Amino acid sequence: MPVLVQPGRGLTFGAVKFNETPKKRRFDIKNEGTFPFTFAVRDGNPEAPKDEAAEKVILSATPRALLSAEDAEAVAEGSVPPESGPKTVGKFTMEPCGGEVMPGQTVSVELGFAPEGQAVYKELLCVLVSGSDPNDSMVAQASRFEVLGE
């Protein structure tokens, strides 16, 4: 499934003055394939609580033939629509945090950064895509997206 996330290595906000209007950046998710896919962005930190809602969205949108019997039973196909509102991870807020991308279409995800005090903030986001194998090391590596601000 040809999915392109740009920029590929993440985003940096640089230095932002305290109490200044939050800076905004964006990253794009492009569908270069022939079938639509659903995406969900979640906290990619291994210590973060599991995002059950994002995982159910992806399982719901993944073709049954690609799921284990246990996953296919857990959620009915097409039963969980993707979240489209904002989601906050650390000091970063993204919107939309999920959606459907049609073939040839690009969806922009806007990230806002609102720091507090003098500190460096770094978060790892994970872009989940329906139909991809999360156990594949190449998919897992490609789904990680780092954001940094100070």
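Guide: A salt bridge is a side-chain nitrogen of Lys or Arg within 4 Å of a carboxyl oxygen of Asp or Glu. Before we use that: this is a predicted model, where local features need pLDDT of at least 70, side-chain atom pairs count only at pLDDT 80 or more, and totals for chains, interfaces and linings use all residues. Residues are numbered from 1 along each chain as its sequence is written, and side-chain values use heavy atoms, with hydrogens and water left out.

Visitor: Okay, how do you know that K87 forms a salt bridge with D51?

Guide: Their closest N and O atoms are 2.6 Å apart, so the pair passes the cut-off and earns the name.

Visitor: What makes K87 and D51 a tie between parts of the chain?

Guide: K87 sits in strand β5 and D51 in the loop between β4 and α1, so the bridge joins parts that are 36 residues apart in sequence. Those labels come from DSSP runs, numbered from the N terminus: helices are H or I with at least four residues, strands are E with at least two.

Visitor: What about K50, which residue does it pair with?

Guide: K50 pairs with E55, and the closest N and O atoms are 3.7 Å apart, so this one counts as a salt bridge too.

Visitor: Why is K50 called exposed?

Guide: Exposed means over 50% relative accessible area, buried under 20%, and partly exposed in between (1.4 Å probe, protein chains only). K50 has 58%, so it is exposed. Its partner E55 has 25%, so E55 is partly exposed. K87 and D51, on the other hand, are both buried.

Visitor: How many aromatic pairs turn up in the whole structure?

Guide: The search finds 5. To pair, rings of Phe, Tyr and Trp (its six-membered ring) need centres within 6.5 Å; planes under 30 degrees apart count as stacked, over 60 as edge-to-face, and the rest as tilted.

Visitor: Why is the pair of F13 and F92 called tilted?

Guide: The centres are 5.6 Å apart, so the rings pair, and the planes stand at 40 degrees, so neither of the other two names fits. F13 lies in the loop between β2 and β3, and F92 in strand β6, 79 residues apart. With a relative accessible area of 1%, F13 is buried; F92 also has 1% and is buried.

Visitor: And what makes F113 and Y121 edge-to-face?

Guide: Their centres are 5.9 Å apart and their planes meet at 65 degrees, so they pair and get that name. F113 and Y121 are buried as well. Put together, F13, F92, F113 and Y121 form one aromatic cluster.
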